[in-house]
Amino acid sequence: MGLEFTKDSFLITRVDEIIKWARKNSLWPMPMGISCCAIEMMAFAGPRFDVSRFGSEAFRFSPRQSDLMIVAGTVTYKMAHVVRKIYDQMPDPKWVIAMGACTSSGGMYRSYPVVQGIDLFVPVDVYVAGCPPRPDNLLKGLMEIQKKIERGEKPGQREKVYVAESTMV
Amino acid sequence: MKENVLEKLTTHFKDSILATSEYRGELTIVVKKQDIVRICQFLCSNEELRFDSLRDLCGVDYYRPEDRFEVVYNLYSLKNKFRLRLKVRVDEADLHVPSVTGVWSTANWHEREAYDMYGIIFDGHPDLRRMYMPEEFEYYPLRKDFPLMGIPGSLSLPKK
Ligand code: SF4
């Protein structure tokens, strides 16, 4: 049972369904913009790609007010502790998008200071490919998160989603 | 300008100069390590030369048995619009080099970087800590014998 509209502007649903619906359409991202990918993340928030269509325009710079961490950039071992600390400060339920090659796998930085994929220290829900991914690809990643919320996935029993590189030019 | 610099340096520091070379109009002088501060002080404060800007300071690892490391000082004279490169050679057995932070305070972070990456110790530096790597890291990553992917377990990750 999802949301059912009746003739008289009534809505019949279950409490957990409406909570899921509300959560899914008001994800507040924590912009963990660490390097160049963050520029595309800004475009994703800006008017052209316009993430407010999905209810996620409220970027929160406090982890305590956000439930989606978009890790956009190269995570070094030194920064990993900061990322984890911010992740720990976010209230449950929380979601993580690994944006870009660096964040997902270390990317072109196959060297000693860069963590070879942030899933070594935080759980990741969606990986977005690209260097940098196009903003529309990140939107796709956000929609994948919304689908996960709709499916009622719980932290800990998550299925990982990989968003392939966008072909739109 | 080039001749002027060389002449002034040879008159004042004849015994300290080990080698000079020129490539594409850039003058490089290798000097003795223990005299580097005196020479820099002179170059910086001499009214005529006025090398008042330290543009860069870095370490180099040549990975050779003798004088393995070098510290390179790139100076610039705003007054004469002239660049000069100084080098000192550092042996692996004695990694100490006098700090030039007293001459140009911008050397502070450059020397910290060279210390972090090559383990060259700058005597007299006010705050010689690691620049990029975490404090507890035990290696010097830009040395040629450091593996590209690092040493497993030498950098900590948060618990998952
Ligand atoms: S994936 Fe590419 S664009 Fe993104 S942070 Fe890494 S290098 Fe920069």
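Which residue in S4(B) is the bridge partner of B:Asp61? It is B:Phe69. I'll start from that pair and work outwards. Keep in mind that this is a predicted model.

B:Asp61 falls within strand S3 of chain B, residues 53-61, and B:Phe69 within strand S4, residues 69-77. Those two strands run antiparallel, joined by eight bridges. They belong to an open sheet of five strands in chain B, with mixed pairing and the order S1-S2-S5-S4-S3. S1, residues 17-23, and S3 stand at the edges of this sheet; each has a single partner strand, so one side of each has no neighbour in the sheet. From one strand to the next, the twist averages 20 degrees.

Two helices of chain B lie across the sheet. Helix H1, residues 2-12, lies across S1, S2 and S5, and runs at about 10 degrees to S2(B). Helix H2, residues 36-45, lies across S2, S4 and S5, and its angle to S5(B) is about 170 degrees.

One residue on S5 of chain B deserves a stop: B:Lys87. Is B:Lys87 buried or exposed? It counts as buried, because its relative accessibility is 18% and the cut-off for buried is under 20%. Leaving out residues up to four places away in sequence, B:Lys87 touches B:Thr28, B:Ile29, B:Val30, B:Val31, B:Tyr62, B:Glu70, B:Val71 and B:Val72.

Now chain A, and the ligand. The residues around the ligand include A:Ser35, A:Cys36, A:Cys37, A:Cys102 and A:Cys131. Others in that shell are A:Gly73, A:Thr74, A:Ala101, A:Met108, A:Gly130 and A:Pro132. By class, the shell has seven nonpolar residues, four polar ones and no charged ones.

Take A:Cys36 from that list. It sits in the loop between strand S3, residues 29-33, and helix H2, residues 37-45, of chain A. A:Cys36 counts as exposed, because its relative accessibility is 55% and the cut-off for exposed is over 50%. Its C-alpha atom is separated by 9.6 Å from that of A:Gly100, which is 64 residues away along the chain.

Next, strand S5 of chain A, residues 95-99. Five of its five residues are buried. In a regular strand, side chains alternate between the two faces of the sheet. Here A:Trp95, A:Ile97 and A:Met99 point one way, while A:Val96 and A:Ala98 point the other way. S5(A) pairs with S4(A) in the parallel sense over five bridges, and within that pairing A:Val71 has A:Ala98 as its bridge partner.

Last, helix H5 of chain A, residues 135-151. What should its 17 residues span at 1.5 Å a residue? The expected figure is 24 Å, and the end C-alpha atoms are 24 Å apart, which agrees. The helix is mostly covered, with 12 of its 17 residues buried. Among the buried ones are A:Leu138, A:Leu139, A:Leu142, A:Ile145 and A:Ile149, but also A:Asp136, A:Glu144 and A:Lys148. The buried residues of H5(A) pack against helices H1 and H2 and strands S4, S5, S6 and S7 of chain A. Just after the helix, A:Gly152 takes a positive phi of about 75 degrees.

To return to the opening pair: B:Asp61 and B:Phe69 are bridge partners, and the S3 strand of chain B stands at an edge of the sheet.

Definitions and conventions: Residues are numbered from 1 along each chain as its sequence is written. Chains are lettered from A and ligands numbered from 1 in the order in which they are written. This is a predicted model: local features need pLDDT of at least 70, side-chain atom pairs count only at pLDDT 80 or more; totals for chains, interfaces and linings use all residues. Side-chain values use heavy atoms; hydrogens and water are left out. A residue is near a molecule or strand if one of its heavy atoms lies within 4 Å of it. Ala, Val, Leu, Ile, Met, Phe, Trp, Tyr, Cys and Pro count as nonpolar, Asp, Glu, Lys and Arg as charged, and the others, Gly among them, as polar. Two strands pair if DSSP finds at least two bridges between them. Helices (H or I, at least four residues) and strands (E, at least two) are DSSP runs, numbered from the N terminus. Axes are lines fitted to C-alpha atoms, for helices over the stretch in contact, and angles run from 0 to 180 degrees between N-to-C directions. Contact means heavy atoms within 4.5 Å. Buried means under 20% relative accessible area, exposed over 50%, partly exposed in between (1.4 Å probe, protein chains only). The expected span of a helix is 1.5 Å times one less than its number of residues.
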